[in-house]
Amino acid sequence: MIRLSLIFRRFASISIQQRLDNIPLKDYRIFSIAAHIDHGKSTLSDRLLEITNVIDKHNNNKQILDKLEVERERGITIKAQTCSMFYENTKTHEYLLQLIDTPGHVDFKDEVVRSFASVDGVILLVDAIKGVQAQTVANFKLAQEMNLTMVPVINKVDVKNSQVDVVQDQLVHDLGFPEESIVRISAKSGLNIKEQLLPKIIEAIPSPNGEIDSPFRALLIDSWYDPYLGVVLLTKIVDGKVKVGDKIMSGQTKKRYDVKEIGIMYPNQTPLDHLSCGQVGYIIPGMKNIQDAILGDTLISQSHAKNTVLLPVFKEPKPMVFVGAFPADGLDFKALDENINKLVLNDRSVSLNRETSDALGQGWRLGFLGSLHASVFKERLEKEYGSKLIITQPTVPYLVQYEGREPKMITNPSQFPDSSSKHRTKLKSLQEPFVKTTITLPNEYVGPVIQLCENNRGQQLDVNYTTSIDQVELVYDLPLAQLIDDFFGQLKSISHGFATLDYESNGFKESDIVKLELLVNGQSLDALSHVVHRSQVQHLGREWVKKFKEYIRLQQYEVIIQSRCNGKMIARETIKARRKDVLAKLHASDVSRRKKLLAKQKEGKKNLKSVGNVTISQDAYQAFLRK
């Protein structure tokens, strides 16, 4: 049975290879679908795969290109995928369509940039009910900056409460598209996709540039690690061709490889004999270390290495949110370390460093692109490897400037300097990252959203009223620390789900920030330290001690929980000692005897407190850190 499947796969590959070889470069189209989250991008991808006969048409075709379990459960795209399709507009003329998918959430903006750098055109998909939203505008501006051809598409036009004319007015007046260029479709039913959208892609999006007779040159778009095959490289062939057995080289690392296998995604890995100029496919070069796969690298032929011009490298994504991660439920540290490293191999944007906490033991300091990225990573670790973590409060990197010294980047709150020792440490300034935040929302929610931004230390930069009747665009300069602290959840609650958000880095700015600590019997719990603005100290300090008190068990001696900032105690809660009734056996004894027994008990409690340590369970840490 296995042999028959291998033979069938080989014959299918030969047929695909012949079809590829028969299509000229001028009939290639490489494009992405860009949309705000939940606008129907994955559904449109499914319909395109059905119409071009990549997959059979049936009701189970949902999120075919979303291959991670967490993507399917959450209904979002996290990792960009690619798929090749053959489209016949007549019985004699065939086109090669190559789709490079993009995530819709702002946390994964770097994936979108990489996808856009590899394509010649973009389908800008807009929901007919929700209209143009924050990520729609961000994708539009990015495509415009990269000089990409855009095909505006309105989705869900067959839904009862759709506002097709209003959305079309947004695309025409706000984004400047000609009315005749807009395509109206339904990704769910397939309405107008074959009749209007596919011909529009052929007509509007240009074919890729490149020379088939030039030496081999390929752009490295993405990579992932396969435990059996090693590193798999997703590439776009810019010039020339490559076949199995060719000797290639990395333009950046100068390391040399022999091509073991090549192919295209159709929709899964389909091996071929060779790939040619203008085609998007995978290459397995026998690379063992995924760190050698530099995104944006140029793969070149070893024999023409000296004369080949390298392509520009992609900008490496920088982590914006950091968390401490520690084993939960007594898990083996080595096993968990191995699982985390495996997962990091397939998520290049995660930074990983070892760290040790006095409270939680050995662990890791993980850096992510955003709070959703951190949540997805934790969920993947639990579902794919069965590992559980204790995750500390998300924090952002802080820039500490000392007099006469280089600035130092702090990602762990326990390392944050104490401002009370300013004269001793020669501390010059403390800076935190800010982001330029664009919020798109209906006019009726402007007041509450402005109040939310003001409460989160935001500074208003701009207010734009779009041509739509009730759409407003607010632009704020917000501290990133405030943004990751459930700002998006509060925004959705206030606007009843209608507001959308996009942000981009706006650099570091000096700020009045301090370290807030939680102490138990005078001992600081480093895993619970957090950097906050001075204006939040009193409120958070009182809230922390009240909340943490709920999770500490009664001891034989008094337990004092305090919050501290710059050496000053902010708030205190006391858990009284568990007491034995030492007077229970005394019925008619003298009062002096009673006082003696009580004094003895008090002295015993005092001695016990001086030598005893409060044991805080991991459940207490997890419960306190849980929102």
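The second largest pocket of this predicted model holds about 1200 Å³ of space. Its lining is made up of 41 residues, and helix H5 (134-145) is one of the elements that supply at least two of them. Beyond the pocket, this briefing visits two open sheets, one of four strands and one of eight, along with a pair of helices, H8 and H9, that pack against each other. Two backbone details in loops round off the tour.

**The second largest pocket**

- Rolling a probe the size of a water molecule over the atoms shows where empty space is left.
- If you would like a place to start looking, Lys109, Lys315, Tyr503, Glu504 and Ser505 are the lining residues that lie nearest the centre of the second largest pocket.
- Several elements each give at least two residues to this lining: helix H4 (109-116), helix H5 (134-145), strand E23 (427-442), strand E25 (471-479) and strand E26 (500-510).
- H5 provides the largest share of the lining, with eight residues.
- By character, the lining residues of the second largest pocket divide into 22 nonpolar, 13 charged and six polar.

**The four-stranded sheet**

- Reading across this open sheet, the strands come in the order E18-E19-E17-E20, and their pairing is antiparallel.
- Strand E18 (351-357) and strand E20 (389-391) form the edges, each pairing on one side only.
- From one strand to the next, the twist averages 30 degrees.
- E18 and E19 are paired in the antiparallel sense over seven bridges, and a hairpin links E18 to E19 through three residues.
- One place to see this pairing is threonine 356, whose bridge partner in E19 is glutamine 362.
- Strand E17 (residues 321-327) runs antiparallel to E20, and three bridges join the two.
- For proline 327, the bridge partner in E20 is leucine 389.
- In a regular strand the side chains alternate between the two faces of the sheet.

**Two helices on that sheet**

- Helix H8 (residues 333-345) lies across E17, E18, strand E19 (361-368) and E20, and runs at about 10 degrees to E19.
- Helix H9 (residues 371-385) also packs on the sheet, where it touches E17, E19 and E20.
- The direction of H9 makes about 130 degrees with that of E19.
- H8 and H9 pack with each other too, at an angle of about 115 degrees and with their axes 11 Å apart.
- Their crossing is right-handed.
- On the H8 side, the contact is made by Leu336, Asn339, Ile340, Lys342, Leu343 and Val344.
- On the H9 side, Phe377, Arg380, Leu381, Glu384 and Tyr385 take part.
- The residues of this contact between H8 and H9 divide into seven nonpolar, three charged and one polar.

**The eight-stranded sheet**

- This open sheet has the strand order E11-E10-E16-E7-E8-E15-E12-E13, with antiparallel pairing.
- E11 and E13 stand at the edges with a single partner strand each, so one side of each has no neighbour in the sheet.
- Neighbouring strands here are turned against each other by 40 degrees on average, direction ignored.
- E10 and E11 pair in the antiparallel sense over three bridges.
- Within that pairing, isoleucine 248 has tyrosine 257 as its bridge partner in E11.

**Two loops worth a look**

- Lysine 254 sits in the loop between strand E10 (247-250) and strand E11 (256-258).
- Although lysine 254 is not a glycine, its phi is positive, at about 65 degrees.
- Proline 267 is found in the loop between strand E12 (261-265) and strand E13 (269-272).
- The peptide bond joining tyrosine 266 and proline 267 is cis, with omega at about -15 degrees.

Definitions and conventions: Residues numbered from 1 in each chain as written. Predicted model: local features only at pLDDT ≥ 70, side-chain atom pairs only at ≥ 80, totals over all residues. Heavy atoms only, no water. Pairing = 2+ DSSP bridges. Axes fitted to C-alpha atoms, helices over the stretch in contact; angles between N-to-C directions. Contact = heavy atoms within 4.5 Å. 1 Å grid on protein atoms, 1.4 Å probe; cavity = no way out; pocket = protein on both sides within 12 Å on 5 of 7 lines; lining within 4 Å. Points joined across faces, edges and corners; volume = space filled by probe spheres on them. Nonpolar A, V, L, I, M, F, W, Y, C, P; charged D, E, K, R; others polar. Left-handed = near helix turned anticlockwise from the far one by under 90°.
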